[in-house]
Amino acid sequence: MKQAPVIKPGATIGILGGGQLGRMIALAGRAMGYRFLTMDPTPDAPCGQVADEQIVAAYDDAQAALELAEKSDLITYEFENVDATVAEILETKSFVPQGSRLLRITQNRIKEKTAIQEMGIPVAPFRVVASLQDLEAAIEELGLPAVLKTATGGYDGKGQWVLRKHEELGQAFAELSKAGVELIVEQFVPFTMEVSVIAARSLSGEVSTFPAAENVHVNNILHLSIVPARVSADIELRAKQIAEQIAEKLEVVGLIAVEMFVTADGSLYVNELAPRPHNSGHYTMDACVTSQFEQHLRAVCNLPLGSTRLLSPVVMVNILGEHMDATLAMVEKLPPTAKLHLYGKKESKEKRKMGHLNVLAATTEEALAIIDDLQIWNKVEVTQ
Ligand code: AMP
């Protein structure tokens, strides 16, 4: 068997995508001695600000992708919707340990859910919907409530419709089919909590998982990650085993974030996968021996994976555009165990992820109380 190569410090890593995930990969990797090159259409992008160089180009610019490939010893993605032609150029002209097979699966909810189900891991029962008749037949079987989703292109709750009454089916179908992509309808899972586990798998096949995060969403956008998650040891263990199994079966190289629903009887259902660092893993930057970003680099560079041990209870809270003014006003008053991370985005738009705060404390309750006291987020957001 051919020995997988080790990409040693000093090498140049190309990052397709210049957003905050790329930025935090580059920040972690610079400490490890790697150099970085990123490609993104926005000049001075969050990752461009901390990389050695940024190629300013659209994500589907083949010429620019060729330049990225030629200048990089290894390429990594920071988002899933990578253009197929660009992926092919990168893979033939450079080294892309993550590959593109996994992207093809995670870009499409139907493929993703089918793959997970085939592993014997529970997902919400679902049907593919190509017409209103399909939707009606599916609802006959699955019942209401149900969630109609676009199979591709949706994120942060976009491209989704929670169906509660039969009368809504026509309007929901008409609205979501405007996108011109396949649709999927899923049974609504009456979950009591959402958790996620990030697993890493290296080129050599070593697998490791981070502690489960309990995630609270507001308006479909991640608001808080609470770690340790307030679940039993058994649920934590099963959640990690599911993530490990998915990483192994899909032959992930790098990270895979596995989002799961927990129901009242302790069952777990996988909702979604992301083959990259994930917002719900930002807590690892200050609360674990190894951050998810360092772990991602260790995995793709084929270094031994780092310890994922949790050093302290932590709550991560997202800072969106609407929280920026209050955050900046509080900067001088932040408590000593509140670690602020800002992404260097020029324009602060509503709902745009601008940064996050990791609050370490003796307990997660204490961390939540500290966040509450800061009064950056409104009551609805904090008391969830
Ligand atoms: P997604 O884009 O699939 O991650 O879904 C966004 C959010 O919608 C999830 O975090 C859940 O809160 C909710 N959701 C999605 N699918 C379901 C489902 N089948 N049952 C209940 N809630 C869901």
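This is a walk through two sheets, the helices that lie on them, a ligand site and a few unusual spots in the backbone. The model you are looking at is predicted.

Let's begin with the sheet that holds the low-numbered strands. Four strands, in the order β3-β2-β1-β4, form an open sheet with parallel pairing. The edges belong to β3 (53-56) and β4 (74-77), and each has a single partner strand, so one side of each is left without a neighbour in the sheet. As you move from one strand to the next, the twist averages 20°. To see how two of these strands are held side by side, look at β2 (residues 35-40) and β3, which run parallel and are joined by 4 bridges. If you want one pair to find on screen, try Met39, whose bridge partner in β3 is Ile55.

Now add the helices. Helix α3 (residues 84-93) lies across β1 (12-16) and β4, and its direction is at about 155° to β4. Helix α10 lies across β1, β2 and β4, running at about 135° to β4.

Helix α10 (residues 292-301) also meets helix α1 (residues 20-31): their axes come within 8 Å and cross at roughly 75°. An angle from 65 to 115 degrees counts as roughly perpendicular, which means that α1 is roughly perpendicular to α10. Which residues make the contact between them? From α1 come Leu21, Met24, Ile25, Ala28 and Gly29, while α10 brings Phe293, Glu294, His296 and Leu297. Sorted by class, this contact of α1 with α10 has 6 nonpolar, 2 polar and 1 charged residues.

Next, follow the chain to another sheet. Here 4 strands form an open sheet in the order β5-β8-β6-β7, and the pairing is antiparallel. At the edges stand β5 (126-129) and β7 (160-163), each with a single partner strand, so one side of each is left without a neighbour in the sheet. The twist from one strand to the next averages 20°. Inside this sheet, β6 (residues 146-150) and β8 (residues 183-187) pair in the antiparallel sense over 5 bridges. Leu148 is a good residue to pick out, with Val185 as its bridge partner in β8. Two helices join the picture: α6 (residues 132-142) lies across β5, β6, β7 and β8, running at about 170° to β5. Helix α7 (residues 169-177) packs on the sheet too, touching β5, β6, β7 and β8, and its direction makes about 170° with that of β7.

Now for the ligand. How many residues surround the ligand? There are 15, and the closest are Lys149, Gln160, Val189, Glu194 and Glu272. Zoom in on Lys149 and you will find a polar side-chain atom 2.8 Å from an oxygen atom of the ligand. Glu272 also places a polar side-chain atom by a ligand oxygen, at 2.7 Å. For Asn271, the distance from a polar side-chain atom to an oxygen atom of the ligand is 3.0 Å.

Finally, a few backbone details are worth a visit. The peptide bond from Leu144 to Pro145 is cis, with omega near -5°, and Pro145 sits in the loop between α6 and β6. The bond from Val227 to Pro228 is cis as well, with omega near 0°; Pro228 is found in the loop between β12 (221-227) and α8 (233-249). Your last stop is Asn302, which is not a glycine but has a positive phi of about 70°. Look for Asn302 in the loop between α10 and β15 (314-320).

Key. Residues are numbered from 1 along each chain as its sequence is written. This is a predicted model: local features need pLDDT of at least 70, side-chain atom pairs count only at pLDDT 80 or more; totals for chains, interfaces and linings use all residues. Side-chain values use heavy atoms; hydrogens and water are left out. Axes are lines fitted to C-alpha atoms, for helices over the stretch in contact, and angles run from 0 to 180 degrees between N-to-C directions. Angles under 35 degrees count as roughly parallel, over 145 as roughly antiparallel, 65 to 115 as roughly perpendicular and the rest as oblique. Contact means heavy atoms within 4.5 Å. Ala, Val, Leu, Ile, Met, Phe, Trp, Tyr, Cys and Pro count as nonpolar, Asp, Glu, Lys and Arg as charged, and the others, Gly among them, as polar. Two strands pair if DSSP finds at least two bridges between them. A residue is near a molecule or strand if one of its heavy atoms lies within 4 Å of it. A polar contact is a pair of N or O atoms within 3.5 Å; within protein, one must be able to donate a hydrogen and the other to accept it, and residues adjacent in sequence count only if both atoms are side-chain atoms.
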